[in-house]
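Biologist: I would like to go through this model with you and ask, for each label, why it is used. Could you set each value against its definition as we go?

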Amino acid sequence: MSLRLYDTGTRSIRDFQPRKPGHAGVYLCGLTVQGPPHIGHLRSGVSYDVLIRWLRRSGYDVTYVRNVTDIDDKILVRGEEQGRPWWAIAYENERKLARDYAALNVAPPTYEPRATGHITQMTDLIASLVERGHAYATESGDVWFSVSSWADYGELSHRRPEDMLSSAETGAKRDSRDFGLWKAHKPGEPEDAAWTSPWGPGRPGWHIECSAMARRYLGDAFDIHGGGTDIMFPHHENELAQSRAAGLDFAKYWVHNGMLNLSGTKMSKSLGNTLSVAALGEKGFSAAAVRYYLTSVQYRSAVDFSEEALAEAQSAWERLSNFVHRTAEALGTEATIGGALAPEFTAAMDDDLNTPAAVAVLHETAREGNAALDAGDDAAAARAGAGVRAMLDQLGLDPLDPHWDDPGDAKLTGAVDALVKLALEQRAEARARKDYAAADRIRDDLAHAGITVKDTPRGPVWTVD
RNA sequence: GGUGGGUUGGCCGAGUGGUUAGGCAGCGGCCUGCAAAGCCGUCCACACGGGUUCGACUCCCGUACCCACCUCCA
């Protein structure tokens with residue numbers, strides 16, 4: 001059994017067989033940094049993070065490229081609106097994106113190229129397309145891809161030319177479906193938003209950057225290309241057409257993640273119905289719970305976001321986290337190291353990353369482990385504890401990973417620990433003389449301070465809410 | 001209008017032609033001074049109408065509704 005993935009191009013589940021044994025080249029369309037990221041974007045980041053982790057676990061040496069589109073019409077508009085340089089807008093949002101990826105434990109890609117750093121690779125590719133007769137420049141200095149020159153156009157999204165409406169881009173193009181490769185600089189646009197090219201000053205169209213950057217870092221042919229279903233057409237279709245027309249094999253598999261909806265419609269920058277990770281944090285949801293929430297749904301399914309569902313996910317996540325902590329406290333942290341992935345977990349992951357089924361295995365294992373702890377079966381408990389930890393770690397959700405710790409002041413934590421211990425000693429004395437009113441008062445006082453105390457067979461344990 | 005996906009129990013969410021998904025919430029019990037956590041048990045299901053089949057939630061046809069894309073968008 002090995003990894004099988006749903007491939008949009010063939011509309012089927014296919015065995016993953018890399019072009020180069022032992023290596024996997026993956027390109028993910030990252031974000032256009034016109035605004036701060038929302039959790040729909042983060043869903044994409046988490047989904048592919050899970051894929052990359054699984055590929056690595058499966059023994060592949062993975063080269064993972066996730067681009068940043070830092071030049072685009074809307075970024076220029078934002079700059080104009082805010083009276084700031086367009087590149088200041090782009091970089092600010094890129095930093096926010098990096099911050100949110102990090103918060104959700106999304107590992108950095110191997111390379112994270114910016115569009116503006118690869119203009120040369122793009123103009124080279126465009127020149128090649130013009131030379132081959134698949135693109136043409138107009139008087140204005142724009143360059144268009146000729147859709148009619150490429151017979152396979154539509155092979156990815158399975159659209160027939162007669163079904164297609166005209167591209168939104170206007171200009172002196174020969175066919176309404178032709179899309180822009182190079183946009184001539186227009187009067188009034190920032191001078192520093194233009195680069196020199198054989199067709200005059202201008203900037204690249206959206207689609208060409210991904211073709212150029214994928215080629216630059218992954219070669220003319222690579223394994224997996226990913227992105228959201230919303231950019232399958234026209235973006236990916238255009239990428240595919242222009243790359244193939246330029247003589248490149250391009251991606252072998254196309255993977256698309258489902259949308260995250262809010263109140264029934266897609267969360268998107270243009271609709272304004274967005275929700276950030278920080279906003280969820282203010283509502284009391286932990287970053288780990290958000291990651292768990294996004295992971296507990298298969299990546300291709302649409303997710304209708306709701307706080308209720310997220311709250312349920314947080315409870316479920318805490319159950320797993322509690323179990324791992326409980327095992328570590330009872331048997332020592334070293335007993336939770338080196339666990340094995342359950343065969344059912346591996347089978348679920350290999351089956352087009354069926355994370356909900358994988359998570360079900362986690363819960364079943366945790367239940368067995370909790371029962372073993374209750375029964376005093378340390379060996380079985382350790383096996384379950386280490387297994388759950390290993391499987392959670394595989395999903396980027398190891399509760400003992402320092403990543404999830406609150407970055408609080410270590411000295412302050414030490415001081416609080418000493419004070420709470422003092423209070424708990426007094427409570428223990430009260431309980432010993434069966435003065436439960438006094439004991440409960442101490443516990444209530446601590447609760448008011450945000451400290452939850454629970455009694456375990458090995459004594460009280462406290463946590464900060 | 002075109003293309004694709006979906007409709008599972010109070011909620012989230014997998015899956016299979018005949019066997020308990022899993023979680024959250026609820027209910028009963030065990031444990032606990034109480035609580036929390038945990039364990040055991042339990043209620044609640046496959047949009048609707050036909051068809052195929054010994055048997056369909058699971059395959060086929062139709063209907064309804066929802067979502068995405070067809071225009072910038074993960």
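Modeller: Let us begin with strand β1 (residues 4-7) and strand β2 (residues 12-15), which run antiparallel and are joined by 4 bridges; please keep in mind throughout that this is a predicted model.

Biologist: What makes β1 and β2 a pair of strands?

Modeller: Two strands pair if at least two bridges are found between them, and β1 and β2 have 4 bridges, so the definition is met. Within this pairing, aspartate 7 stands opposite serine 12 in β2. The two strands form a hairpin with 4 residues between them, and arginine 11 in the turn has a positive phi of about 50°.

Biologist: How do the side chains alternate along strand β1?

Modeller: Leu5 and Asp7 point to one face and are buried, while Arg4 and Tyr6 point to the other face and are not buried.

Biologist: Which strands form the open sheet, and in what order?

Modeller: The order is β5-β6-β7-β8, and the pairing among these 4 strands is antiparallel. From one strand to the next, the twist averages 20°.

Biologist: Why do β5 and β8 stand at the edges?

Modeller: β5 (135-137) and β8 (202-204) each have a single partner strand, so one side of each is left without a neighbour in the sheet. For β8, strand β7 (residues 179-184) pairs with it in the antiparallel sense over 3 bridges, and tryptophan 182 stands opposite proline 204 in β8.

Biologist: Why is aspartate 178 called buried?

Modeller: Buried means under 20% relative accessible area, and aspartate 178 has a relative accessible area of 1%, so the word applies. Aspartate 178 lies in the loop between β6 (143-145) and β7.

Biologist: What does the side chain of aspartate 178 reach?

Modeller: The side chain of aspartate 178 reaches the backbone nitrogen of valine 147 at 2.9 Å; the cut-off for a polar contact is 3.5 Å, so this distance falls within it.

Biologist: Why is the pair of tryptophan 86 and tryptophan 195 called edge-to-face?

Modeller: Ring centres must lie within 6.5 Å for a pair, and planes over 60 degrees apart count as edge-to-face. Tryptophan 86 and tryptophan 195 are 6.2 Å apart centre to centre with 70° between the planes, so both conditions are satisfied. This pair links distant parts of the chain, with tryptophan 86 in helix α3 (residues 86-103) and tryptophan 195 in the loop between β7 and β8, 109 residues apart. Tryptophan 86 counts as buried, because its relative accessibility is 7%, against a cut-off of under 20%.

Biologist: What makes phenylalanine 222 and phenylalanine 250 an edge-to-face pair?

Modeller: Their rings are 5.0 Å apart centre to centre, with 75° between the planes, so the pair passes the limits of within 6.5 Å and over 60 degrees. Phenylalanine 222 lies in strand β9 (residues 221-228) and phenylalanine 250 in strand β10 (residues 250-257), so the pair ties together parts that are 28 residues apart in sequence. Phenylalanine 222 counts as buried at 2% relative accessibility, and phenylalanine 250 counts as buried at 1%.

Biologist: Is lysine 434 buried or exposed, and how do you know?

Modeller: Lysine 434 is exposed, because its relative accessible area is 59%, and exposed means over 50%. Lysine 434 lies in the loop between α13 (410-432) and α14 (436-448), and its phi is near 60°, a positive value in a residue other than glycine. Leucine 353 likewise has a positive phi, of about 55°, although it is not a glycine; leucine 353 counts as buried at 4% relative accessibility.

Biologist: Which residues come nearest to RNA strand B?

Modeller: Of the 62 residues around RNA strand B, those that come nearest are Lys74, Trp206, Gly228, Ile231 and Lys266. Sugar and phosphate account for 67% of the atoms of RNA strand B that come within 4 Å of the protein.

Biologist: What makes the approach of aspartate 440 to RNA strand B a polar contact?

Modeller: A polar side-chain atom of aspartate 440 lies 2.7 Å from a base nitrogen of RNA strand B, and a polar contact requires N or O atoms within 3.5 Å, so the distance qualifies. Arginine 159 has a polar side-chain atom 3.0 Å from a sugar or linking oxygen of RNA strand B.

Key
Residues are numbered from 1 along each chain as its sequence is written. Chains are lettered from A and ligands numbered from 1 in the order in which they are written. This is a predicted model: local features need pLDDT of at least 70, side-chain atom pairs count only at pLDDT 80 or more; totals for chains, interfaces and linings use all residues. Side-chain values use heavy atoms; hydrogens and water are left out. A residue is near a molecule or strand if one of its heavy atoms lies within 4 Å of it. A polar contact is a pair of N or O atoms within 3.5 Å; within protein, one must be able to donate a hydrogen and the other to accept it, and residues adjacent in sequence count only if both atoms are side-chain atoms. Axes are lines fitted to C-alpha atoms, for helices over the stretch in contact, and angles run from 0 to 180 degrees between N-to-C directions. Rings of Phe, Tyr and Trp (its six-membered ring) pair if their centres lie within 6.5 Å; planes under 30 degrees apart count as stacked, over 60 as edge-to-face and the rest as tilted. Buried means under 20% relative accessible area, exposed over 50%, partly exposed in between (1.4 Å probe, protein chains only).
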